[in-house]
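Hi,

Here is the structure I promised to pass on. Have a look at it first, and then read on for what I found.

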Amino acid sequence: LVYVGFALTWWWSGGQNDEKNDDLGFDKLILLELAGFLLYGACYLLAVLLESNLWLALGWVLHPLWDLLLHWGNAPAAHIAPEWYVWLCVSFDVVVAGYVVVRHQQSSRGEKVAKSS
């Protein structure tokens, strides 16, 4: 949702008239960001419904790809988010994904030990 905020700030500041603007357009950009929100929300729902944090980790692993493909360098929406934020988000997402996987493994081992006792 932070990227939706960046897009709204960009639009309200007259960014749609900026020479950096491309064919993506504000409406498509907002829809694209909301589609990402739904995708990552679906990963969370699957994690809850299937009782597996690996779905949650998948969402955290996929999100850096989203950030880089959409908001970095010459990407279609690179002019929306500051580059420092893209790299901060990528780093944070990778760390969180790793943490979720490690905790999943630890809890899986704990459950196996508890069941065998």
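Let me start with a small puzzle: does S52 count as buried or exposed? The setting is a loop, since S52 sits between helix 2 and helix 3. Even so, S52 is buried, because its relative accessibility is 16% and the cut-off for buried is under 20%. Leaving aside residues up to four places away in sequence, S52 touches A47 and H104. Please keep in mind throughout that this is a predicted model.

Now the overall picture. The chain has four helices and zero strands, so to speak an α-α-α-α pattern when read along the sequence. Of its 117 residues, 32% are buried. Among contacts with a separation of 6 or more, 58% join residues that are 24 or more positions apart. The chain exposes about 7,800 Å², and carbon and sulfur atoms supply 67% of that area.

Part of that surface deserves a look of its own. Y44, L45, L46, V48, L49, L50, W55 and L58 make a nonpolar surface patch of about 760 Å². Helix 2 (26–49) and helix 3 (53–71) each supply at least two of the patch residues, and helix 2 gives the largest share, with five. On the other helix, L58 is a patch member that lies in helix 3. L58 counts as partly exposed because its relative accessible area is 35%.

Helix 3 is worth following along its length. Its 19 residues span 27 Å from the first C-alpha to the last, close to the 27 Å expected at 1.5 Å a residue. The buried residues of helix 3 are A57, G59, H63, P64, W66, D67, L70 and H71. Some of the spacing in such a list can be read with the helix geometry in mind: an α-helix has 3.6 residues a turn, so residues three or four places apart point the same way. After helix 3 comes G73, with a positive phi near 65°.

Next, the aromatic side chains. The count comes to four aromatic pairs, and I will describe two of them here. The first to look at is Y40 with W66, an edge-to-face pair with 6.1 Å centre to centre and 90° between the planes. This pair links distant parts of the chain, as Y40 is in helix 2 and W66 in helix 3, 26 residues apart. Both Y40 and W66 are buried.

How far apart are the ring centres of W72 and W87, and at what angle are their planes? The centres are 5.3 Å apart and the planes are at 80°, so this pair is edge-to-face. Here too distant parts of the chain are linked: W72 is in the loop between helix 3 and helix 4 (83–116), W87 is in helix 4, and 15 residues separate them. W72 is partly exposed because its relative accessible area is 37%, and W87 also counts as partly exposed, at 36% relative accessibility.

If you open the model, I would begin at S52 in the loop between helix 2 and helix 3, then go to the nonpolar patch that includes Y44 and W55, and finish with the rings of W72 and W87.

Best wishes

Notes
Residues numbered from 1 in each chain as written. Predicted model: local features only at pLDDT ≥ 70, side-chain atom pairs only at ≥ 80, totals over all residues. Heavy atoms only, no water. Buried < 20%, exposed > 50% of the residue type's maximum accessible area, 1.4 Å probe, protein only. Contact = heavy atoms within 4.5 Å. Areas by Shrake-Rupley, 256 points an atom, 1.4 Å probe, with all protein chains shown as cover. Patch = residues over 30% accessible without salt bridge, like charges linked within 9 Å, V, L, I, M, F, W, Y side chains within 5 Å. Salt bridge = Lys/Arg side-chain N within 4 Å of Asp/Glu carboxyl O. Expected span 1.5 Å × (residues − 1). Phe/Tyr/Trp six-rings, centres within 6.5 Å; stacked < 30°, edge-to-face > 60°.
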